[in-house]
Amino acid sequence: MITFRPATTADSLLLSRGLHAALLINDVTDERLRRFADLVCSRHDVLYSPQNTTVAMADGNEAGIITAYDGSRYAAMRQVTMPLLKREFDIEFPEMEDETEAGEYYLDSLAVMPEFRNRGIGRALLTHAIAEGKRLGLAVTLAVDPDNTGAQRLYHSLGFRHMRDIFIFGHTYWKWKV
């Protein structure tokens with residue numbers, strides 16, 4: 001059985017691990033995960049905050065996370081998040097488009113812990129987030145890598161369709177809406 005709970009600041013390391021997994025960064029050190037957790041994932045004014053994240057529980061364990069938020073809050077959170085990434089990790093994306101906007105519920109990051117993959121956790125997290133976006137009366141959107149056909153199949157099966165291309169994090173992604 002899969003259950004959901006809101007993330008808390010005590011989950012900052014889980015959020016850090018999940019975000020790195022969502023970005024397919026596999027060679028990250030425990031020290032970097034902790035630094036990112038302390039610097040970014042423990043704050044409430046950033047994109048990757050506990051207040052924006054839901055944790056999926058399976059068999060009494062943290063099985064996955066989804067970070068999603070009202071697009072009307074994006075610009076303010078991005079103004080805090082991006083300088084933190086630049087200062088701590090020397091990561092900068094000066095030509096990055098806005099990922100979302102007012103009127104959208106943006107599904108920013110999805111990660112399933114390796115030992116829980118292929119058990120429906122990702123689908124359950126997405127379904128939960130879609131329901132939340134609809135409850136808020138917002139269009140539910142996300143960005144997908146054109147090369148990630150597995151994610152595309154999952155998103156398509158949940159009703160997502162291509163809206164337009166978007167340039168984020170140094171690459172062109174597809175923005176999809178359900």
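**Entry 1: the cavity**

I began with the lining of the largest cavity, sorted by class, and noted four nonpolar, three polar and no charged residues. The model I am reading is a predicted one, and I keep that in mind for every entry below. The residues along this cavity are Leu15, Leu19, Tyr48, Thr53, Ile65, Thr67 and Ser109. Helix 1 (12-22) and strand 3 each contribute at least two residues to that lining. I put the volume down as about 40 Å³, and my search of the whole structure turned up one cavity of 30 Å³ or more.

**Entry 2: the second largest pocket**

I next turned to the second largest pocket, which holds about 230 Å³ of space. I counted 16 residues in its lining, with Gln51, Thr54, Ala68, Tyr105 and Glu132 lying nearest the centre. Two or more lining residues come from each of strand 2 (53-58), strand 3 (61-70) and helix 4 (121-135), and strand 3 has the largest share, at four residues. By class I recorded eight nonpolar, five polar and three charged residues for this pocket.

**Entry 3: the nonpolar core**

Which members of the largest nonpolar core touch the most other members? I found Phe36, Val40, Tyr48, Leu107, Ile121, Tyr155 and Phe160, out of 52 residues in that core. Helix 3 (residues 74-89) gives the most to this core, namely six residues. I then followed Leu107 outward and, leaving aside residues up to four places away in sequence, listed its contacts as Ile66, Thr67, Ala68, Leu126, Ala129, Ile130, Val140, Thr141, Leu142 and Phe160. Of these contacts of Leu107, I had already met Thr67 in the cavity lining and Ala68 by the centre of the second largest pocket.

**Entry 4: the aromatic pairs**

My count of aromatic pairs came to five. For Tyr69 and Tyr106 I noted ring centres 6.0 Å apart and planes at 55 degrees, so I entered the pair as tilted. This pair joins distant parts of the chain, since Tyr69 sits in strand 3 and Tyr106 in strand 4 (residues 104-112), 37 residues apart. Tyr69 counts as buried at 1% relative accessibility, and Tyr106 is buried too, with a relative accessible area of 2%.

The pair of Trp174 and Trp176 I entered as stacked, with 6.4 Å from centre to centre and 10 degrees between the planes. Is Trp174 buried or partly exposed? At 26% relative accessibility Trp174 counts as partly exposed, whereas Trp176, at 7%, counts as buried. Finally, I noted that ring pairs link Tyr155, Phe160, Trp174 and Trp176 into a cluster, and that Tyr155 and Phe160 also appear among the core residues listed in Entry 3.

Key:
Residues numbered from 1 in each chain as written. Predicted model: local features only at pLDDT ≥ 70, side-chain atom pairs only at ≥ 80, totals over all residues. Heavy atoms only, no water. 1 Å grid on protein atoms, 1.4 Å probe; cavity = no way out; pocket = protein on both sides within 12 Å on 5 of 7 lines; lining within 4 Å. Points joined across faces, edges and corners; volume = space filled by probe spheres on them. Nonpolar A, V, L, I, M, F, W, Y, C, P; charged D, E, K, R; others polar. Core = buried A, V, L, I, M, F, W, Y, C linked by side-chain atoms within 4.5 Å. Buried < 20%, exposed > 50% of the residue type's maximum accessible area, 1.4 Å probe, protein only. Contact = heavy atoms within 4.5 Å. Phe/Tyr/Trp six-rings, centres within 6.5 Å; stacked < 30°, edge-to-face > 60°.
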